[in-house]
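The following paragraphs lead the reader through one protein model, from single helices to the interior and the surface. The sequence and the structure are shown first.

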Amino acid sequence: TLMAATLEIDGQFGRAADMYAKVLAAPDIETEKRQVNAKSEARLRFQSGSYARVVEILTPIIDPLEETYLTQVEATATHEAGIDFAKQITTLAFAHAHRGEWAQAIHYLERSKSLRLRYRAAVRKSSQGQQLLTLERAMHALLRGTTPEELVAKKARAEDWMGEKLTLHSKVLEAYRAALPDLSQTSLITPTIRDIADVLAKDEAVVVLGLNNSGSLTAIILPGDDDLPSGHFLNKEAGIAFFAQMLAGKKENGWLYVLGAPELNLDKRQVLSDLLNDLERVFGQPLAQFLNKRGVRRITILPHLLFHLLPFWALPSLAPYEVVMSPSAAHFVGSRKQ
């Protein structure tokens, strides 16, 4: 692994990727080491366009990365695990899209969207929900420097209160993790293309969006779709950096600052007009051209990353449509079944 990293630093990306692959081929490789090398090789293989290899090495580590993310409790660990999981599953989704495997691309992309939010909601509805809320209150009390009296009476915060050489915080944390239910195979199932299509009215469309450093993807699902979306586009020119620049503006005078820095007193109308002109070119017009004469009147957009900040409903080319947004396919399908 160290030799592979050295080769990568030296700019020998092909040799570095091969070295990471050699480490992964070891039969007795530890789980953590496997994940580190798989992520490193996948990054290099994606850059070189070896998408089949990306799929091969990332697919086996997605489940454990997801479990790590969902079962974290403390804020910093949750944030770090979430970034790691999102980065790898998005790379996997885009690798499938580059291979023309749009069902898999949509699956992995939608699996990651609002995942923690959906998981937290399911946990609180579970039979362990009340117990978990009590333990959460105890952990937050400890983080604030107070003692959760309902659990430990007059015990000191750092006392070995269970005789197991653990701090009180560690003991509560382990109790919380032990009480977490396994929801991955029930409440967190990702809807398929057909699941989405089945809840659509005849005049509806769902637009799935994805974004990473290599570009952006758009998939349009219409009633009757099964294995593939009716439309799909992969824009290799408009990735995270492209949309970040669009939002920031050329001189830090863009829509992002209208939203987050009202003290700048920017001309909101002009900023919005500039943003919509740029967004029209890369998104609005291609989508409207595809939807033309397909009988669509209502569009639900499933955004991703920076797309959450873009006012798609204000695009001139989408004026004939009723445009709404939903956090994920799971939220969209779930709302239709309630």
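**A walk through the model**

Helix α8 covers residues 129-143, and its 15 residues should span 21 Å at 1.5 Å a residue; the end C-alpha atoms are 21 Å apart, which agrees with that expectation. The model in which this helix appears is a predicted one. The buried residues of α8 are Gly129, Leu132, Leu135, Glu136, Ala138, Met139, Ala141 and Leu142. Glycine 145 follows α8 and has a positive phi, near 90°.

Helix α2 may be examined in the same manner. It runs over residues 13-24, has twelve residues, and reaches 16 Å from its first C-alpha to its last, close to the 16 Å expected at 1.5 Å a residue. Its buried residues are Ala16, Ala17, Met19, Tyr20, Ala21, Val23 and Leu24. These buried residues of α2 pack against α1 (2-9), α3 (31-48) and α4.

These helices belong to a protein that has 15 helices and five strands. Its C-alpha atoms fill a box of roughly 70 × 50 × 45 Å, taken along the principal axes. The protein has 338 residues, of which 47% count as buried. Among the contacts with a separation of 6 or more, 62% are accounted for by residues 24 or more positions apart.

What, then, occupies the interior? In soluble globular proteins, nonpolar side chains tend to be buried together. In this model, the largest nonpolar core has 58 residues, and those with the most contacts inside it are Phe85, Val172, Ile196, Val206, Val208, Ile221 and Phe332. Helix α4 (residues 51-70) gives the most to this core, contributing ten residues. Apart from this core lies another, of 32 residues, among them Leu275, Val296, Ile299 and Leu318.

Two residues of the largest core show how it is joined. Leaving aside neighbours within four places in sequence, valine 206 is in contact with Ile196, Leu200, Ala219, Ile220, Ile221, Thr300, Leu302 and Phe332. Phenylalanine 332 has its place in helix α15 (residues 329-337). Is phenylalanine 332 buried or exposed? Its relative accessible area is 4%, and buried means under 20%, so phenylalanine 332 is buried. Not counting residues up to four places away in sequence, phenylalanine 332 touches Ile196, Val199, Leu200, Val206, Thr300, Leu302 and Ser326. Phenylalanine 332 and isoleucine 301 are 31 residues apart in sequence, and their C-alpha atoms are 9.8 Å apart in space.

Two further buried residues can be located within helices. Alanine 105 is found in helix α6. With a relative accessible area of 1%, alanine 105 is buried. Once neighbours within four places in sequence are left aside, alanine 105 is in contact with Ala93, His96 and Ala97. Alanine 248 is 143 residues from alanine 105 along the chain, and the C-alpha atoms of the two are separated by 28 Å. Threonine 78, for its part, lies in helix α5 (residues 75-98). Threonine 78 counts as buried because its relative accessibility is 12%, against a limit of under 20%. Its contacts, leaving aside neighbours within four places in sequence, are with Tyr69, Gln72, Val73 and Arg116.

The loops between helices call for attention to backbone angles. Most residues other than glycine have a negative phi. Serine 114, a residue other than glycine, has a positive phi near 50°. It is found in the loop between α6 (102-112) and α7 (115-125). Glutamate 252 is not a glycine either, yet its phi is positive, at about 55°. Its position is in the loop between α12 (240-248) and α13 (255-260). Is glutamate 252 buried or exposed? Its relative accessible area is 53%, and exposed means over 50%, so glutamate 252 is exposed.

The account closes with the surface and the charges. The protein exposes about 17,900 Å², and carbon and sulfur atoms supply 52% of this area. There are 39 positive and 39 negative side chains in the protein, and the centres of the two sets lie 3 Å apart.

Methods: Residues numbered from 1 in each chain as written. Predicted model: local features only at pLDDT ≥ 70, side-chain atom pairs only at ≥ 80, totals over all residues. Heavy atoms only, no water. Core = buried A, V, L, I, M, F, W, Y, C linked by side-chain atoms within 4.5 Å. Buried < 20%, exposed > 50% of the residue type's maximum accessible area, 1.4 Å probe, protein only. Helix = DSSP H or I, 4+ residues; strand = E, 2+ residues; numbered from the N terminus. Contact = heavy atoms within 4.5 Å. Areas by Shrake-Rupley, 256 points an atom, 1.4 Å probe, with all protein chains shown as cover. Lys, Arg positive; Asp, Glu negative; His and termini not counted. Charge placed at Lys NZ, Arg CZ, Asp CG, Glu CD. Expected span 1.5 Å × (residues − 1).
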